[in-house]
Amino acid sequence: ANNDYDDWLPSLNLAWDVSDDVVLRFGAAKVMARPQLAALSPGGGITTSGNPSITVGNPYLDPFRATTYDLSAEWYFADESLLSVALFYKDIDTYIQELRQSMSYRDTGLPLELVPEAFWDVSFDVRTQVNTPGGPLQGYELNYQHALRFLPGIWSNFGVLLNYTHVESEIDYAISPTSNTYVTANLVNLSPDAYNATLYYEDDKFSARVSGSYRDDYLQRVPGQNSNDVEGKRDTFNVDMSMTYNFSDNLALTLEGINLSDEFNDQFVDSVGDRASVYHHTGRQFYLGFRYQF
């Protein structure tokens, strides 16, 4: 299999120091990202045990392509402190998705001799990667970072980090590789709303931080399996923490706590039926360790 393409990828980045502590930034670029090598493989695999399935690569895939625009304003109002707002727009004009279909082995076009004759008219779950038209994505982001150096004594070692992001997307996903039929939905693995908050403490010996992270429901597959229109994951709020104590320049004691809010992996299928498909509990995790630098 052979494929080739050429891309002209100009970019422009401007920064204007409005004052000593205010910066405006603008960026515009045409960008591309190649598919993963596994998606480009001209080979594949056939499984006849359990649920019969076929996975094949597509060596004729074009890369992801997009035109991007970014505009931000940053105010450095104190040492180690920042307040910023950023707007972004991305026109995704070439997208890659996994297309999943059910069809008899006879209709796949693969050589019949690859499987026993008893499977020629059996329905297989066929997966491959295809290019689709993509669509626009736009949003904004707010960031606040403040080292509380103005507080007295030990309190001056504290600081806060806050972030909020809102994204809107309209991506066209293929239903069939031959009918040019598409469905419009959010970009997979992208939450429309997300925010993070961190409180930290740092001195010469000891540092600690606790963080809360929220992300909205997001889609994981479009179209979904088994005639469902989508598959997705429900919103989560995770609390994590970490601490480090430096005994010397070389030796440190570390403690980490992950998923202190005890969130479940809660997944669903179908945007209308909203039926549960996975409800997985992993619990809280703690890691205690030493780090030595030579």
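Biologist: How many aromatic pairs does the count come to here?

Modeller: The count comes to 15 aromatic pairs. Keep in mind that this is a predicted model.

Biologist: How is a pair of aromatic rings described?

Modeller: Two things describe it: the distance of the ring centres and the angle of the planes. Let's try a case. The ring centres of Tyr 195 and Tyr 214 are 5.1 Å apart, and the planes meet at 20 degrees, so this pair is stacked. The step behind that word is a cut-off: planes under 30 degrees apart count as stacked.

Biologist: Which strands hold Tyr 195 and Tyr 214?

Modeller: Tyr 195 belongs to strand β12 (residues 193-202), while Tyr 214 belongs to strand β13 (residues 206-215). The pair therefore ties together parts that are 19 residues apart in sequence.

Biologist: Are Tyr 195 and Tyr 214 buried or exposed?

Modeller: Here we read the relative accessible area. Tyr 195 has 38%, so it is partly exposed. Tyr 214 has 18% and counts as buried, because buried means under 20%.

Biologist: May I see another pair? What are the distance and angle for Phe 264 and Tyr 279?

Modeller: Their ring centres lie 4.7 Å apart with the planes at 20 degrees, so Phe 264 and Tyr 279 are stacked. This pair links distant parts of the chain, 15 residues apart: Phe 264 is in the loop between β17 (251-258) and β18 (265-269), and Tyr 279 is in strand β19 (residues 275-280). Phe 264 is partly exposed at 29% relative accessibility, and Tyr 279 is exposed at 59%.

Biologist: Which residues do ring pairs link into a cluster?

Modeller: Look for Trp 155, Phe 158, Tyr 201 and Phe 206.

Biologist: Where do charged ends sit over rings?

Modeller: Find Arg 65 first: its charged end sits over the ring of Tyr 5, 5.6 Å from the ring centre. Then turn to Arg 215, whose charged end sits over the ring of Tyr 218, 3.8 Å from the centre.

Biologist: Which residues form the nonpolar patch on the surface?

Modeller: Among them are Leu 12, Phe 26, Tyr 69, Val 85 and Tyr 140, and the patch as a whole has about 850 Å² of accessible area. The elements giving two or more residues to it are β1 (11-19), β5 (64-75), β6 (82-104) and β8 (135-147).

Biologist: Which element gives the largest share of the nonpolar patch?

Modeller: That is β6, with three residues. As for Tyr 69, you will find it in strand β5, partly exposed with a relative accessible area of 39%.

How values were computed
Residues numbered from 1 in each chain as written. Predicted model: local features only at pLDDT ≥ 70, side-chain atom pairs only at ≥ 80, totals over all residues. Heavy atoms only, no water. Phe/Tyr/Trp six-rings, centres within 6.5 Å; stacked < 30°, edge-to-face > 60°. Helix = DSSP H or I, 4+ residues; strand = E, 2+ residues; numbered from the N terminus. Buried < 20%, exposed > 50% of the residue type's maximum accessible area, 1.4 Å probe, protein only. Lys NZ or Arg CZ within 6 Å of the ring centre and 35° of its normal. Patch = residues over 30% accessible without salt bridge, like charges linked within 9 Å, V, L, I, M, F, W, Y side chains within 5 Å. Areas by Shrake-Rupley, 256 points an atom, 1.4 Å probe, with all protein chains shown as cover. Salt bridge = Lys/Arg side-chain N within 4 Å of Asp/Glu carboxyl O.
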